[in-house]
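User: I would like to go through the reasoning behind some labels used for this model. Please set each value against its criterion before concluding.

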Amino acid sequence: MAKTILITGASAGLGEEMARQFADLGYDLALCARRRQKLEALKAEITGRHTDRRVETRQLDVTDDDQVFEVFEGFQADFGTIDRIIINAGLGKGARIGTGRYDANRATAMTNFVAALAQSEAAMEIFRAQNAGHFVMISSMSAVRGLPRSMATYAATKAGVAHLTEGLRAEFHGKPIKFSVIYSGYIASEMNAKAEQNAPMMTSTRKGVRAIVAAVEKEKDHAFVPPLPWAPMSVLLRHAPMPLFKRLI
Ligand SMILES: NC(=O)c1ccc[n+]([C@@H]2O[C@H](COP(=O)([O-])OP(=O)(O)OC[C@H]3O[C@@H](n4cnc5c(N)ncnc54)[C@H](OP(=O)(O)O)[C@@H]3O)[C@@H](O)[C@H]2O)c1
């Protein structure tokens, strides 16, 4: 019997491409995001290619707490068991702190951290009841060290969700529930479409997501993706003295 993966933020970017690549590996899919039409188009594409694959979609705004629990429970009712949940929905907004754009930083914090906490609660209710599951958090290279300017809030949220997942891993050590944190480098998506020309280390969506899927399939505790250049870069970013760090970012 096929295993099932729930992916949030599956209407675009990394989530959409993860859905394609996991379907190619034989998984059934529970897909959610706000843009239902995009989910339906993706479902038609995947089930057209794999007629035996089951794909269910639900509209979800992850900042609506009640809806997060309803949607996750709905998917569990659809499939019976959810084997893996990928907390991926995220926002790349942000502004220099103290420049009158609290709205942008708050939106980033609410979507990337508070809503990720709601998704974690809903996911762990399912996994505790099953006494099994693979919890995957999509963090970012920006989590390895606080970043300046418009990235400050975003980086803090991504460090926050990584810590949340590490805490859960410590709690469940030796038990059948597994936890992975994916520290993603620049991968082409809607979020960074404007930055594409200026980001020499940007990887294509397909190639970048292939690296994510490979790490997730191995149930790695954590992975920097793609491994090159981001695994060595994580060490440099974390330990570089400030003058060098400021030149790197
Ligand atoms: N691409 C990169 O270089 C990169 C690097 C590091 C980390 N990441 C992380 O990877 C994840 C995916 O980002 P991406 O690059 O694929 O961005 P993207 O192309 O902008 O896609 C973001 C996805 O999140 C969903 N989303 C955003 N706000 C939502 C909300 N309130 N409720 C439900 N869904 C919401 C969007 O769906 P709707 O708009 O349809 O709701 C969309 O499917 C994010 O967590 C991001 O921080 C990306």
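Analyst: In this predicted model, helix 1 passes helix 6 in a right-handed crossing.

User: What makes the crossing of helix 1 and helix 6 right-handed?

Analyst: Helix 1 (residues 13-24) and helix 6 (residues 205-217) pack at an angle of about 65°, with their axes 9 Å apart. A crossing is called right-handed because the near helix is turned clockwise from the far one by less than a right angle, and the passage of helix 1 across helix 6 is assigned to that class.

User: Which residues make the contact, and how do they divide by class?

Analyst: Helix 1 contributes Gly 13, Leu 14, Glu 17, Met 18, Gln 21 and Phe 22, while the residues from helix 6 include Thr 205, Arg 206, Val 209 and Ile 212. By class, the contact has seven nonpolar, three polar and four charged residues.

User: Why does the pair formed by Tyr 154 and the ligand count as a polar contact?

Analyst: A polar side-chain atom of Tyr 154 lies 2.6 Å from an oxygen atom of the ligand; the criterion is a pair of N or O atoms within 3.5 Å, so the pair qualifies. Asp 61 places a polar side-chain atom 3.0 Å from a ligand nitrogen atom, and a backbone N or O atom of Gly 185 lies 3.3 Å from a ligand oxygen atom, so these pairs also fall within 3.5 Å.

User: How much of the ligand does the protein bury?

Analyst: Taken alone, the ligand exposes 870 Å², of which the protein buries 94%. The ligand is surrounded by 29 residues, and strand 5 (133-140) gives the most to this shell, with three residues.

Note on methods: Residues are numbered from 1 along each chain as its sequence is written. This is a predicted model: local features need pLDDT of at least 70, side-chain atom pairs count only at pLDDT 80 or more; totals for chains, interfaces and linings use all residues. Side-chain values use heavy atoms; hydrogens and water are left out. Axes are lines fitted to C-alpha atoms, for helices over the stretch in contact, and angles run from 0 to 180 degrees between N-to-C directions. Helices (H or I, at least four residues) and strands (E, at least two) are DSSP runs, numbered from the N terminus. Contact means heavy atoms within 4.5 Å. Ala, Val, Leu, Ile, Met, Phe, Trp, Tyr, Cys and Pro count as nonpolar, Asp, Glu, Lys and Arg as charged, and the others, Gly among them, as polar. A residue is near a molecule or strand if one of its heavy atoms lies within 4 Å of it. A polar contact is a pair of N or O atoms within 3.5 Å; within protein, one must be able to donate a hydrogen and the other to accept it, and residues adjacent in sequence count only if both atoms are side-chain atoms. Accessible areas come from the Shrake-Rupley method with a 1.4 Å probe; for residues, only the protein chains shown count as cover.
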